[in-house]
Amino acid sequence: MNNKISKNAFFNMIYQGLNVIFPLLSSLYVARILIPELIGRVSFAQNIVFYFISFASLGINTYGIREIAKCNNDKILLKKTTSEILKINIISNTIFCIIYFTFIFITPFFAKERLLYFIVGLQLIFNSINTDWFFGGTENYAYVMKRSFIIKILSFIALILFVKEESHYVIYALINSLALGLNYFFNIYKIKNYINLFIDNKYLKERLKPIFVFFATLLSQRLYMQVDTTMLGIISGERAVGLYTYPSRIMLLSTSCITAISAVILAPLVKAYKDKNLLEFKNIYRKCIIIILIFSIPLTIIYLFKADFIIKLLFNEKYYDSINTLRILSPQVLLLSLEDIYAARLLIAIEKEKWILFTTSSGAIINVLLNFFLIKKYAQDGVALASTITIFFIFILEVVIYYISIHKITNKNKFII
């Protein structure tokens with residue numbers, strides 16, 4: 001990869017690392033102040049808001065990166081594109097804000113903690129001006145990393161200064177919401193010259209169809225990723241869920257750090273494809289795959305052969321039944337990292353996102369069927385096996401689709417890996 005992409009990969013890896021380190025430090029501090037019930041109360045409220053944010057976002061982040069990357073250095077087109085996507089985001093989030101706040105104010109279940117749910121609901125309001133996609137499309141990952149670092153430092157200091165007793169759990173939630181909002185306000189200020197919300201609405205409809213495809217894809221991805229825990233809890237109980245939780249988190253952490261590398265190639269791929277520079281297109285993703293393999297293969301081997309050491313090192317004897325679960329999940333480090341390149345980068349770059357919806361929807365169906373048969377007999381190991389098989393199926397399907405699509409576009413076999 002060229003120097004610019006390498007630097008962006010470096011900055012994005014730091015950014016993802018900050019997203020792991022600071023929440024961990026915050027959790028260690030807050031755990032000393034708040035009892036588990038209060039932390040659970042805040043987490044549950046945030047989880048409710050997360051679902052609303054997921055729907056309100058409409059998959060705009062990935063779509064936005066691609067569309068902004070298409071603008072290249074055309075400032076007029078960049079302003080038009082930014083304004084249109086931001087306006088759709090504002091409208092969508094406004095609708096879901098109305099639904100959310102109506103929901104918490106008329107439902108008796110939330111009566112005792114309405115202040116808490118209002119405070120975490122600020123995240124939904126702030127999400128209306130989320131423009132992280134702009135900086136992904138313009139490949140400005142250095143700014144994102146610096147901004148994130150500053151705000152995380154400020155929020156951690158705020159925790160120490162203002163969260164000092166159990167009654168401060170609402171303040172804890174407020175700090176989290178304001179930190180998120182501060183990120184987005186910084187973004188808006190930085191790109192204010194590219195925003196005009198008084199643009200003609202007639203062009204917005206043209207963007208809705210691809211955005212809804214991204215949205216449906218996002219929902220299907222989350223379905224097959226979240227249904228595991230739900231089915232495991234229903235069929236095998238809470239202990240099995242607990243034994244599955246930590247190995248799956250290890251996988252999530254590992255793949256998040258690795259896919260931070262491939263995340264930065266979407267914009268360059270889009271530009272190369274738009275300019276019909278197929279040689280540059282090929283060079284970018286081939287080099288990225290090599291780097292991904294360098295990181296993911298050793299981790300896969302370590303998790304496979306040293307799962308017992310890792311579980312015993314990180315957790316106590318109560319979690320020793322998670323050892324085989326981690327072994328079964330270990331191929332996912334490699335599979336998810338490669339799948340991310342083909343789905344979230346290559347197929348989107350060549351505008352074949354409809355096929356990603358097909359693969360993830362098919363994977364969700366297969367995952368549910370496998371879970372139903374495997375969980376009964378193997379509990380947490382069964383859900384791990386079902387998940388790994390599903391991801392392997394989706395990866396193979398996406399590779400085949402990419403091969404066929406790019407061959408039809410270029411009619412050049414040498415362009416294919």
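**Close-up 1. Arg-66, Glu-67, Lys-70, Lys-80, Glu-84 and Arg-207 are linked in a network of salt bridges.** This is a predicted model, and its salt bridges come to 8 in total. Zoom in on one pair from the network: Arg-66 bridges to Glu-67, with 3.1 Å between the closest N and O atoms. Arg-66 and Glu-67 are both buried.

**Close-up 2. Lys-271 forms a salt bridge with Glu-139.** Here the closest N and O atoms sit 3.0 Å apart. Lys-271 belongs to helix H11 (residues 266-274), while Glu-139 is in the loop between helix H6 (132-137) and helix H7 (141-162), so this pair ties together parts that are 132 residues apart in sequence. As for burial, both Lys-271 and Glu-139 are buried.

**Close-up 3. Another salt bridge joins Asp-340 and Arg-345.** The closest N and O atoms of this pair are 3.0 Å apart. Both of its partners, Asp-340 and Arg-345, are buried.

**Close-up 4. Here is helix H7, end to end.** With 22 residues at 1.5 Å a residue, H7 should span 32 Å, and the 31 Å between its end C-alpha atoms agrees with that. Plenty of side chains to look at here: the buried residues of H7 include Tyr-141, Tyr-143, Val-144, Met-145, Arg-147 and Lys-152.

**Close-up 5. H7 packs against helix H8 (residues 169-190).** The two helices meet at an angle of about 155°, their axes 10 Å apart. That makes H7 roughly antiparallel to H8. The handedness of the crossing is right-handed. On the H7 side, the contact is made by Tyr-143, Arg-147, Ser-148, Ile-151, Ser-155, Ala-158, Leu-159 and Phe-162. H8 answers with a set of residues, among them Ile-171, Tyr-172, Ile-175, Ala-179, Leu-182 and Phe-186. Several of the H7 contact residues are also buried, including Tyr-143, Arg-147, Ser-148, Ile-151, Ser-155, Ala-158 and Leu-159.

**Close-up 6. Leu-58 has a positive phi without being a glycine.** Most residues other than glycine have a negative phi. For Leu-58, phi is near 60°. Look for Leu-58 in the loop between helix H2 (36-57) and helix H3 (60-70). Leu-58 is buried too, with a relative accessible area of 9%.

**Close-up 7. Ala-379 is not a glycine, yet its phi is positive.** The value is about 50°. Unlike the loop setting of Leu-58, the place of Ala-379 is in helix H16 (residues 353-410).

Key: Residues numbered from 1 in each chain as written. Predicted model: local features only at pLDDT ≥ 70, side-chain atom pairs only at ≥ 80, totals over all residues. Heavy atoms only, no water. Salt bridge = Lys/Arg side-chain N within 4 Å of Asp/Glu carboxyl O. Buried < 20%, exposed > 50% of the residue type's maximum accessible area, 1.4 Å probe, protein only. Helix = DSSP H or I, 4+ residues; strand = E, 2+ residues; numbered from the N terminus. Expected span 1.5 Å × (residues − 1). Axes fitted to C-alpha atoms, helices over the stretch in contact; angles between N-to-C directions. Parallel < 35°, antiparallel > 145°, perpendicular 65-115°, else oblique. Left-handed = near helix turned anticlockwise from the far one by under 90°. Contact = heavy atoms within 4.5 Å.
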